Amino acid sequence: MIKNSFLAVIPARKGSKGLHKKNIAELNDFPLIYWTITAALGSNLIQRTIISSNDPDVLSYSKEFNVDTRLRPNNISLDDSSSEDLIVDIIDNHQLGKDFEYFVLLQPTSPLRSSQHIDEAINLLIHKDADALISVTDPKDPPQKTMILDKEGFLTGLVDDEKLFFPRQKLERAFKPNGAIYIIKIKEFLL
C-alpha cells in the first residue's frame, strides 16, 4: 500500500425520485456526472477513479473518460441503499483496501466542486493527520434554533430549549455536510 494513496468513488445510482436520469441530465451543456468525473481526473492527488452505477447510460458515458466503471449490484441500488454499502462492495470486490489508503466519495449532485477543492481537502486531511474529512457549509439558520414536535404534540428545541432564545451571535458555530467531498481512511472505515 502506498502511503496517502487516494481512490475516488463516484456513486451514480439510477432511479432518482426527484429528477429522472439526473446523473446524465445536462447542466451547462454537459451531463451532471461530467463535472464530478473531470474534477476527480483533474486532481493531482487521486490515483484512480471508479464510477459505480446501475444505469447503463452512465456507465457508457463514463467509459469515454477512461475511468473504471462498476455495475452496481441490484441489492445496493435501492432507494434506501447507503453509500457505505457501495464502498464496502467496491473495496471487497476489487480488493482495493490493500492498494489504497483512503477513498474519496464524490457525489455527482455536487457539480461545483472542483479538482482544486478535492486537492485542498486531501492536503488538509494529510496536514491534520486525520482519518476522515467531510466538506461542510454554514447552515442558513442556526440548528440550535430549530424545534421538533415531541410525542405529546408540543414543540421542543432540537438541541435544547434554552438555546432557542439565545442571540445568534452567542451560539456555537454550526456546520452541515454539503455532499461534495467525503474522505476516509479505508482501514478505519472497515472497522
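How exposed or buried is glutamate 172? Glutamate 172 is partly exposed, with a relative accessible area of 45%. Here buried means under 20% relative accessible area, exposed over 50%, and partly exposed in between (1.4 Å probe, protein chains only). This is a predicted model, in which local features need pLDDT of at least 70 and side-chain atom pairs count only at pLDDT 80 or more, while totals for chains, interfaces and linings use all residues. Residues are numbered from 1 along each chain as its sequence is written, and side-chain values use heavy atoms, with hydrogens and water left out.

**View 1. The whole chain, with its 5 helices and 10 strands.** Helices (H or I, at least four residues) and strands (E, at least two) are DSSP runs, numbered from the N terminus. The C-alpha atoms fill a box of roughly 55 × 40 × 35 Å, taken along the principal axes. Of the 191 residues, 40% count as buried. Contact means heavy atoms within 4.5 Å. Among contacts between residues at least 6 apart in sequence, 69% join residues at least 24 apart.

**View 2. Glutamate 172 in the loop between β9 (155-157) and β10.** Glutamate 172 touches Gln144 and Lys163, not counting residues up to four places away in sequence. Glutamine 144 lies 28 residues from glutamate 172 along the chain. Their C-alpha atoms are separated by 8.5 Å.

**View 3. The largest nonpolar core, with 26 residues.** A nonpolar core is a set of buried Ala, Val, Leu, Ile, Met, Phe, Trp, Tyr and Cys residues joined through side-chain atoms within 4.5 Å. Phe6, Ile33, Leu106, Ile181 and Ile183 touch the most other members. Elements giving two or more residues include β1 (6-11), β4 (46-53) and β10 (176-185). The largest share, 5 residues, comes from α1. A second, separate core of 12 residues includes Ile50, Leu86, Phe100 and Ile186.

**View 4. Helix α1 and its buried residues.** Leu32, Ile33, Tyr34, Thr36, Ile37, Ala39 and Ala40 are buried in α1. An α-helix has 3.6 residues a turn, so residues three or four places apart point the same way. The buried residues of α1 pack against β1, β2 (26-27), β3 (30-31), β4, α2 and α4.

**View 5. Isoleucine 183 and its contacts.** Neighbours within four places in sequence are left aside. The contacts of isoleucine 183 then include Phe6, Tyr102, Val104, Ala121, Leu125 and Asp131. Isoleucine 183 also helps line the second largest pocket.

**View 6. The second largest pocket, with a volume of about 190 Å³.** On a 1 Å grid over the protein atoms alone, a pocket is an open set of points where a 1.4 Å probe fits, with protein on both sides within 12 Å along at least five of seven lines; lining residues have an atom within 4 Å of a point. Grid points are joined across faces, edges and corners, and the volume is the space filled by probe spheres set on the points. Among the lining residues are Ser83, Glu84, Phe103, Ile134, Tyr182 and Phe189. The elements that give two or more residues to the lining are α3 (83-94), β6, β7 (132-137) and β10.

**View 7. Two loop residues with positive phi, aspartate 29 and asparagine 66.** Most residues other than glycine have a negative phi. Aspartate 29 has phi near 75 degrees. Its loop runs between β2 and β3. Aspartate 29 is exposed, at 65% relative accessible area. Asparagine 66 has phi near 55 degrees. The loop holding asparagine 66 lies between α2 and β5 (68-71). Asparagine 66 counts as exposed, at 73% relative accessibility.
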